[in-house]
Amino acid sequence: MHPKNLHNTPYQFKELIEKHSALETFVFRNQYGNKTIDFANQLAVTALNKALLKLHYNISSWDIPENYLCAPIPGRADYIHYIADILAKENIQEPIKGLDIGVGANCIYPILGSQIYNWQMVGSDINTVAVESATKNVNANSNLVDKIDIRHQKDNANIFSGIIKPNEKFHFTMCNPPFHASKEEAAKGTMRKLKNLGLKKNNLELNFGGMANELWCNGGEALFLKRLIKESVLFKNNVTFFTSLVSKSENLPKLEKQLTKLKATHFIVPMEQGNKKSRILVWRF
């Protein structure tokens with residue numbers, strides 16, 4: 001993980017339970033005698049997130065609708081810290097403003113960006129329930145109300161259009177794109193994940209939840225990012241750095257080729273959390 005990530009060390013369950021007592025129900029000792037939770041249980045992960053947000057990020061009230069993506073906070077914090085590294089090299093004097101494409105019901109990236117670095121954040125989503133939930137999470141915390149603006153993307157064909165206002169400036173955009181190309185592919189990925197966790201499930205619940213638009217889209221990650229890059233050209237005067245997570249390394253060559261063709265400067269920032277490897281694709285015009 002990033003050196004500045006608060007979650008580089010094991011979870012402090014005693015302190016977390018003191019902040020959010022409901023977490024205690026889900027904590028047990030594993031075969032090695034270490035305290036942990038069942039990460040295949042969305043209720044357990046949600047309780048852990050609530051405790052982490054209370055203990056480390058001064059978020060008193062946070063929740064998500066049933067079956068929506070419960071994002072694991074440590075990996076999300078990593079993305080925020082790496083963006084901070086990129087921005088630090090620019091010697092930006094004015095307050096930082098960022099846009100999270102696909103903010104989701106959890107609103108995690110804007111929350112972390114505002115609480116760790118005091119950034120102004122905008123979060124957009126096409127799903128009305130996600131927008132309502134993200135807005136509710138912001139309004140439930142007085143320290144977020146003036147820092148985060150949630151916007152509804154009303155047009156399926158657009159990503160930035162309709163969200164970035166005329167003459168509005170962002171220092172960065174970020175995105176955690178839908179990973180899978182179909183519901184079937186998402187289900188197969190779930191089974192692999194559960195197997196890796198050493199668990200068997202008769203139903204196909206992702207261990208962190210997730211609705212259709214959060215988990216898959218036509219063409220999967222590759223096509224979504226091609227659309228994202230294509231549309232970013234139209235907003236090159238509004239945004240300093242465009243960024244996105246890229247989960248599948250095999251997608252990178254075509255994306256980099258597209259960026260080169262568009263004459264965009266680009267680079268890749270590797271990310272690693274435990275056995276999970278990902279990367280951030282960064283570009284600017």
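**A walk from a buried asparagine to a helix pair**

Asn49 counts as buried, because its relative accessibility is 1% and the cut-off for buried is under 20%. The model in view is a predicted one. Asn49 sits in helix 2, which covers residues 42-57. What does Asn49 contact, leaving aside its neighbours within four places in sequence? The list is Trp62, Cys70, Ala71, Pro72 and Ile73.

Next comes a second buried residue. Met174 has a relative accessible area of 0%, so Met174 is buried too. Its place is in strand 6, residues 170-175. Met174 contacts Tyr79, Ile80, Ile83, Leu99, Asp100, Ile101, Tyr109, Met121 and Thr243, with neighbours within four places in sequence left aside. Take Tyr109 from that list. Along the chain, Tyr109 and Met174 are 65 residues apart. In space, their C-alpha atoms are separated by 8.8 Å.

Now for the cores. In soluble globular proteins, nonpolar side chains tend to be buried together. Here the largest nonpolar core has 54 residues. Which residues have the most contacts inside it? They are Leu23, Trp119 and Phe172. Helix 3, residues 73-88, gives this core its largest share, 9 residues. Trp119 shows who meets whom. Not counting residues up to four places away in sequence, Trp119 touches Ile80, Ile83, Ala84, Leu87 and Ile96. Trp119 also touches Gly113, Ser114, Lys147 and Phe172. Ile80 and Ile83 appear among the contacts of Met174 as well. Apart from the largest core lies another, of 23 residues. Among them are Phe224, Phe235, Leu255 and Trp283.

Leu255 leads on to a pair of helices. Two packed helices are described by the angle between their axes and the distance between the axes. Helix 9 spans residues 220-232, and helix 10 spans residues 252-261. They pack at an angle of about 15°. Their axes are 10 Å apart. Why do the two helices count as roughly parallel? Angles under 35 degrees count as roughly parallel, and the angle here is about 15°, so helix 9 and helix 10 are roughly parallel to each other. Their crossing is right-handed.

Which residues make the contact? From helix 9 come Ala222, Leu225, Lys226, Ile229 and Lys230. They meet Leu255, Gln258 and Leu259 in helix 10. By class, this contact has 5 nonpolar, 1 polar and 2 charged residues. Leu255 thus has two roles to look for: a place in the core of 23 residues, and a place in the contact of helix 9 with helix 10.

Key:
Residues numbered from 1 in each chain as written. Predicted model: local features only at pLDDT ≥ 70, side-chain atom pairs only at ≥ 80, totals over all residues. Heavy atoms only, no water. Axes fitted to C-alpha atoms, helices over the stretch in contact; angles between N-to-C directions. Helix = DSSP H or I, 4+ residues; strand = E, 2+ residues; numbered from the N terminus. Parallel < 35°, antiparallel > 145°, perpendicular 65-115°, else oblique. Left-handed = near helix turned anticlockwise from the far one by under 90°. Contact = heavy atoms within 4.5 Å. Nonpolar A, V, L, I, M, F, W, Y, C, P; charged D, E, K, R; others polar. Buried < 20%, exposed > 50% of the residue type's maximum accessible area, 1.4 Å probe, protein only. Core = buried A, V, L, I, M, F, W, Y, C linked by side-chain atoms within 4.5 Å.
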